[in-house]
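Me: Please take me closely through one part of this protein and leave the rest in the background. I would like to understand one stretch properly, with each term explained as it comes up.

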Amino acid sequence: MFARAAGLREVHLQTPLAVKAGTTVTLRCNYDLQDDTLYTVKWYKGRSEFFRFTPKELPNTQVFPLNGISVDVSTDFNRAKKETVFERDTF
């Protein structure tokens with residue numbers, strides 16, 4: 001008996017290497033779910049989570065307070081099934 005394991009393929013993160021304080025930055029996570037359902041996307045600074053997108057929960061976006069980070073949640077994260085994009089201000 002063989003079991004088929006599916007998972008993410010072709011995960012690409014687009015983040016700047018460094019930014020000037022106070023600059024608006026877009027973080028992008030592109031992925032291929034291989035016909036599976038996305039559970040969650042989480043963003044961290046160091047060990048601290050500051051953003052979570054979970055499509056099946058309401059609200060589906062959560063922002064966790066972290067000094068120096070301000071997340072713009074006005075983006076429609078459900079608009080694309082293969083990427084999650086958001087902007088954050090200040091590091």
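Reply: Arg 28 is partly exposed, with a relative accessible area of 25%, a value in the middle class of a scale where buried means under 20% and exposed over 50% (1.4 Å probe, protein chains only). The model is predicted, so local features need pLDDT of at least 70 and side-chain atom pairs count only at pLDDT 80 or more, while totals for chains, interfaces and linings use all residues. Residues are numbered from 1 along each chain as its sequence is written, and side-chain values use heavy atoms, with hydrogens and water left out.

Arg 28 belongs to strand S2, a strand being a DSSP run of E with at least two residues, numbered from the N terminus. Although Arg 28 and His 12 are 16 residues apart along the chain, their C-alpha atoms are separated by 8.0 Å. Strand S2 covers residues 24-32, and it is one of seven strands in the protein, which reads β-β-β-β-β-β-β along the sequence.

From S2 the chain leads on to the part I would like to look at closely, namely the sheet that follows. Its three strands lie in the order S3-S4-S5, and they form an open sheet with antiparallel pairing, where two strands count as paired if DSSP finds at least two bridges between them. The edge strands are S3 (41-45) and S5 (61-63), since each of them pairs on one side only. Strands of a sheet pair through backbone hydrogen bonds, either parallel or antiparallel.

Strand S4, made of residues 48-53, is joined to S3 by five bridges in the antiparallel sense, and within S4 it is Glu 49 that stands opposite Tyr 44. S3 and S4 make a hairpin with two residues between them, and in that turn Gly 46 has a positive phi of about 65°. S4 is also linked to S5, again antiparallel, by three bridges, and the bridge partner of Phe 51 in S5 is Val 63.

Between S4 and S5 there is a loop that contains both Thr 54 and Pro 59. Pro 59 is joined to Leu 58 by a cis peptide bond, with an omega of about -5°. Is Thr 54 buried or exposed? With a relative accessible area of 4%, Thr 54 is buried. Setting aside its neighbours within four places in sequence, Thr 54 is in contact with Tyr 39, Thr 40 and Asn 60, where contact means heavy atoms within 4.5 Å. With Thr 40 there is also a polar contact of 3.0 Å between the two side chains; such a contact is a pair of N or O atoms within 3.5 Å, and within protein one must be able to donate a hydrogen and the other to accept it, while residues adjacent in sequence count only if both atoms are side-chain atoms.

Tyr 39, one of the residues that Thr 54 touches, sits in the loop between S2 and S3. Tyr 39 is exposed, because its relative accessible area is 61%. When its neighbours within four places in sequence are left aside, Tyr 39 is in contact with Phe 53, Thr 54 and Pro 55. The C-alpha atoms of Tyr 39 and Glu 57 are separated by 9.5 Å, while the two residues are 18 apart along the chain.

The sheet also takes part in the largest nonpolar core, which has 13 residues; Tyr 31, Leu 38, Val 41, Trp 43, Phe 50 and Phe 51 are the ones that touch the most other members. Such a core is a set of buried Ala, Val, Leu, Ile, Met, Phe, Trp, Tyr and Cys residues joined through side-chain atoms within 4.5 Å. S2, S3 and S4 each supply at least two residues of this core, and the largest share, four residues, comes from S2, the strand in which Arg 28 is found. In the protein as a whole, buried residues make up 25% of the 91 residues.
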